[in-house]
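Dear colleague,

Please find below the sequence and structure that I am handing over to you. My account of what was found follows directly after.

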Amino acid sequence: MKRMTPLLTLLTGTGMAAVLFAMSAKAAPRSAEPQAATASVAPEAAAPSTAPPGDAPAEPSAPGDAPAEQRGQPGASATPAAPAPTRAAPVAGADSNWTGRLDGGATIAITVTDGKAKAYVCDGKSLEVWLDGTAADGRMKLTGKQGAVLTGTFANGTASGEMVVGQRRWKFTAKQTKKADPVLYRATAQQRRAGVDGGWIMLPDGSQIGVVTRDGTPVPAPPLDPAFGTTILDGRTLDAQPVTADPDAGE
């Protein structure tokens, strides 16, 4: 019996190996079928999209790309142009202009348009008087604040007469200018509403004289640029414009 034991063991192992081989061979075809099924699914994943025809997919934009409507716009980053300096508004020319002096040393300028006259008297320090009136047929009469009255005559390029303010009187003589350039400038109405008034007389030799009253205090006027009608007072721009008599103004 002991001699038969190895033989029986060998036979038993051989039989089990045969069984296992048969089971393995039988199981092999069934394991290949899932692989074939997996291969057949791949084409279905690539099926055409159901999106409506004509809807093209949007192209992704690169990071940092500006929107299309902003690219190539001319002047999108251009620096705004600096504003042009203010130029004095043109005014109608006067029929006649006179400049001269009072016997007290003050300067006078008179401008006349269609029989209407406007005059300005100043000493370049603190005295200034604006007057309005008429000048026709060789005679002129103008009035101003604080009872100021200027009367006189004009002929052959010379005007002369007297100005009275209260109890004070001054004689004046003025020569008619040969140029049509304005002889009078005054701070604009906007400046006057802001509490700053000023007058300038432009003399034939190119010099000028004037007074600026600021918050009720008169001071010598800074030089005015007649080309632009501006000057600088205390670091601020002061605008002025030529003065002519208004022919439509009443007496």
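**Findings**

Asp-137 lies in the loop between E4 and E5. The model is a predicted one, and in it this residue has a positive phi of about 55° although it is not a glycine. Asp-137 is also exposed, with a relative accessible area of 81%. A second residue of this kind is Asp-234, where phi is again positive, near 55°, in a residue other than glycine. Asp-234 sits in the loop between E13 and strand E14 (236-242), and with a relative accessible area of 58% it is exposed.

**The chain as a whole**

The protein chain contains two helices and 14 strands. Of its 251 residues, 29% count as buried. Among contacts with a separation of 6 or more, 40% are made by residues 24 or more positions apart.

**The barrel**

Eight strands close into a barrel, in the order E1-E2-E3-E4-E5-E6-E7-E8, with antiparallel pairing. Neighbouring strands of this barrel are turned by 25° against each other on average, direction ignored.

Strand E6 may serve as a guide to this part of the model. On one side, E6 pairs with E5 in the antiparallel sense over five bridges, and Met-140 has Gly-152 in E6 as its bridge partner. E6 (residues 149-155) is also joined to strand E7 (residues 158-165) by seven bridges, and these two strands run antiparallel. Here Gly-152 has Gly-161 in E7 as its bridge partner, while Leu-150 stands opposite Met-163 in E7.

Which side chains of E6 are buried? In a regular strand, side chains alternate between the two faces of the sheet. Along E6, Leu-150, Gly-152 and Phe-154 point to one face and are buried. Val-149, Thr-151, Thr-153 and Ala-155 point to the other face and are not buried.

The hairpins at either end of E6 also deserve a note. The hairpin of E5 and E6 has four residues between the strands, and in it Gln-146 takes a positive phi near 60°. The hairpin of E6 and E7 has two residues between the strands, and there Asn-156 takes a positive phi near 55°.

**The open sheet**

Six strands form an open sheet in the order E12-E11-E10-E9-E14-E13, and their pairing is antiparallel. Strand E12 (217-220) and strand E13 (230-233) stand at the edges with a single partner strand each, so one side of each is left without a neighbour in the sheet. On average, neighbouring strands of this sheet are turned by 25° against each other, direction ignored.

Within this sheet, strand E10 (residues 196-202) and strand E11 (residues 208-214) run antiparallel and are joined by seven bridges. Trp-200 stands opposite Gly-210 in E11.

Is Gly-210 buried or exposed? Its relative accessible area is 5% and the cut-off for a buried residue is under 20%, so Gly-210 counts as buried. Leaving aside residues up to four places away in sequence, Gly-210 touches Cys-122, Gly-124, Gly-199, Trp-200, Pro-220 and Ala-221. The C-alpha atoms of Gly-210 and Asp-123 are separated by 7.3 Å, although the two residues are 87 residues apart along the chain.

**Pockets**

Rolling a probe the size of a water molecule over the atoms shows where empty space is left. The largest pocket holds about 430 Å³ of space. Its lining consists of 17 residues, of which Glu-128, Val-129, Trp-130, Lys-145 and Gln-146 lie nearest the centre. The elements that give two or more residues to this lining are strand E4 (128-136), strand E5 (139-144) and strand E8 (168-176). E4 gives the most, with five residues. By class, the lining of the largest pocket has seven nonpolar, four polar and six charged residues. Gln-146 thus appears in two places in this account: in the hairpin of E5 and E6, and among the residues nearest the centre of the largest pocket.

The second largest pocket holds about 280 Å³ of space. It is lined by 14 residues, and those nearest its centre are Lys-179, Asp-181, Met-202, Leu-203 and Pro-204. This lining divides into seven nonpolar, four polar and three charged residues.

With kind regards

Definitions and conventions. Residues numbered from 1 in each chain as written. Predicted model: local features only at pLDDT ≥ 70, side-chain atom pairs only at ≥ 80, totals over all residues. Heavy atoms only, no water. Pairing = 2+ DSSP bridges. Axes fitted to C-alpha atoms, helices over the stretch in contact; angles between N-to-C directions. 1 Å grid on protein atoms, 1.4 Å probe; cavity = no way out; pocket = protein on both sides within 12 Å on 5 of 7 lines; lining within 4 Å. Points joined across faces, edges and corners; volume = space filled by probe spheres on them. Nonpolar A, V, L, I, M, F, W, Y, C, P; charged D, E, K, R; others polar. Buried < 20%, exposed > 50% of the residue type's maximum accessible area, 1.4 Å probe, protein only. Contact = heavy atoms within 4.5 Å.
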